[in-house]
Amino acid sequence: MSRNQELTEGIIRGDRENVIRLVREDLEAGRGPVPILNEGLSPGMEKLGDQFGRGEVFIPELMAASKAMNAAMEILRPLLEATGVEPLGKVVMGTVKGDMHDIGKNLVCMMLRGAGFDVIDLGVNTSAEQFIEALENSGARILGMSALLTTTMNRMGAIIETIRKASFGEEVGIMVGGAPLDEIFAANIGANGYAKEAPLAVERFKELHAALRP
Amino acid sequence: MANLLYEKWLDGEGVLVGDGAMGTMLQATGLEPGDAPERLNGENPDAVRSVHEAYLRAGSDVITTNTFGGNSLRLALHDAGDKVFEWNKAGAAAARQAADAQEREVIIAGSVGPTGSLLQPVGDLHFDEAKDDFAEQCAALAEGGVDVILIETMSDLEEVRAAIKGARAVCDLPVFCTMTFDTHGRTMMGTSPEEAVRAVAGFGVQAFGSNCGNGPNEMEEIAGKMFRAPSGFPLIIQANAGVPKMEGNQVVYEAGPERMADHARRCSDLGIRYIGGCCGTTPVHIQAMIEAMKGSGEQGSEES
Ligand code: B12
């Protein structure tokens, strides 16, 4: 098995210890952080993401892989920044007010962190005011909102309206998700993006980040 | 106090008919969306009792207490982590009152839902903490007078095990359990119906099955799979009336009373011993389900 395959396999199996060891060894051998990430680790997350979408693996596998990915990113992040790779930026995330479902949102947070985003997670039951405050204090211009109930998803539109009224509101890119939502609903409430599953969500957040950069 | 209906059923007699949704019916009585439905057990027990009465009028044999989210981890999200005992006991008592006013015998199932946290090693929650939480809730339900503990909507076998251990630690009541297989035919943690039946057989429950999920079509597949897996205990099926969809500002569940009635008949023909509904199922659905099962039951007795 090639080095990259070993890294990829380590992520897919969620073998945190092994992934950490492999990354350290590669760095010591003089390999750069960028190829370790792009050729070794990320393909593992992508493969597992596809398997998750097809129902071949489930939450435990995705969680374990995300934890391994996050551990690797802890090591790589400072090195990536030193090589001038721009960090992916900050994201504020939360489940909307009245809604206590957070398993899906947490998965999205973990995978965003694994992909290199700096995530500020506000937890569950988050009001428009709390979202605005976090955006203001952190300077983040990307927001992710999750809702699992038909009652709470119907409040997302009003939350977006309130956020847009803040002084910086028009600059914020807003992603929404959660099982009862779909693309059409997201467009109707004025969100900038939607994703059905966490692995796809990471892609959409990256696209949004790229689109927002001046 | 021995429940004769339960004793006879355990000996193999008849099919128990459960009830349907509680939360949606309570919302009509002033429950704030997003608030803990269990609060009403303490603050408006009459509203809770009247939902039970509606199901009893429809003909339910088993009524399920309004305590699904009544463990301390869940109630803490509503700043009510200290209300576990009070609200669970009051919830059981509201059902007890409704049941005792009946001439026929009724079984009260004390609802115990998931903690909402993922257990180690996937999440952070320690097995013993989960077990203690469930024990605290079950003790209150027992004190309030439930006949069985019904552990519902579970996704993780470890959490099921914690809940059963918790219940066993504080009471001698029969323990029933149902899991939700809503993700490609498995629980969101990846457990299949067959795997669940095999595992739970080792945990020692009096009945096991499936609830909630995507609707009657998927549930019939799950029921078939469970039935073919050797279990030794009676099976429970409580399906959603489909997945909720928005039509304008209204939440609509796609399976009407007729579809649920047909579903109930299929389940009873298959040999499922406790059939009810879940989200989106109303007393009207339950009544239709009972009618349909009467028909199939008569056919069955003619044959034998
Ligand atoms: C687990 C669960 C619970 C757990 C939640 C635990 C937790 N910590 O989150 C508990 C038991 C606590 C719970 C409680 C309730 N629940 Co619940 N629950 C579920 C269940 C079975 C699975 C949800 C889940 O975690 N799925 C797994 C994750 C990984 O998937 P996901 O959340 O969809 O997330 C993925 C994507 O949507 C996306 N995503 C998620 N968020 C975001 C955000 C962004 C920005 C993006 C881009 C993507 C994205 O990525 C994720 C990963 O791929 C669903 C049924 C279902 N299949 O959806 C019902 C369900 C959502 N619950 C429901 C109900 C009714 C309730 C209760 C009201 C029950 C009650 N009577 O108390 C309470 C509500 C409490 C509250 N106020 O919020 C109903 C909602 C129906 C409706 N009309 O709205 C459902 C649909 C069940 C049903 N079939 O009817 N529930």
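Colleague: Where in chain B is the place of Asp79(B)?

Modeller: The place of Asp79(B) is in the loop between helix H5 (72–76) and helix H6 (84–100) of chain B, and I should add at once that the model we are reading is a predicted one. As for its backbone, phi of Asp79(B) is near 55 degrees, which is a positive value in a residue other than glycine.

Colleague: Which two residues of chain B does a cis peptide bond join?

Modeller: The angle to read is omega, and here it is about 0 degrees for the bond that joins Gln120(B) and Pro121(B). Pro121(B) is itself found in a loop of chain B, the one between strand S3 (107–112) and helix H7 (127–144).

Colleague: Turning to the ligand, what is the protein donor of its cobalt atom?

Modeller: A donor is an N, O or S atom within 2.8 Å of the metal, and because water is not among the atoms, a site may look incomplete. In this model the only protein donor of the cobalt atom is His101(A), through NE2 at 2.3 Å, and that residue is found in the loop between strand S1 (90–95) and helix H5 (103–115) of chain A.

Colleague: Between which chains does the ligand lie, and which residues are closest?

Modeller: The ligand lies between chains A and B, and 40 residues surround it, the closest being Met100(A), His101(A), Asp102(A), Thr150(A) and Gly116(B). By class, this shell has 22 nonpolar, twelve polar and six charged residues. In chain A, H5, strand S3 (142–146), strand S4 (173–177) and helix H10 (198–212) each supply at least two residues of the shell, and H5(A) gives the most, with four residues.

Colleague: Which backbone atoms have polar contacts with the ligand?

Modeller: A nitrogen atom of the ligand is 2.5 Å from a polar backbone atom of Gly116(B), while on the side of chain A an oxygen atom of the ligand is 3.4 Å from a polar backbone atom of Gly178(A), and an oxygen atom of the ligand is 3.4 Å from a polar backbone atom of Ala179(A).

Colleague: How is chain A divided into domains, and what area is buried between them?

Modeller: The size of an interface is often given as the accessible area lost when the parts come together. The domain assignment of chain A gives domain 1 (3–82) and domain 2 (89–212), and the contact takes 13 residues from domain 1 and eleven residues from domain 2. The area buried between these two domains of chain A is about 1000 Å², of which carbon and sulfur atoms give 73%, and their C-alpha centres lie 25 Å apart.

How values were computed: Residues numbered from 1 in each chain as written. Chains lettered and ligands numbered in written order. Predicted model: local features only at pLDDT ≥ 70, side-chain atom pairs only at ≥ 80, totals over all residues. Heavy atoms only, no water. Donors = N, O, S within 2.8 Å, 3.2 Å for Na, K, Ca; no water. Near = heavy atom within 4 Å. Polar contact = N/O pair within 3.5 Å; in protein donor to acceptor, adjacent residues only side chain to side chain. Nonpolar A, V, L, I, M, F, W, Y, C, P; charged D, E, K, R; others polar. Domains from an automatic or database assignment. Contact = heavy atoms within 4.5 Å. Buried area = accessible area lost by both parts, 1.4 Å probe.
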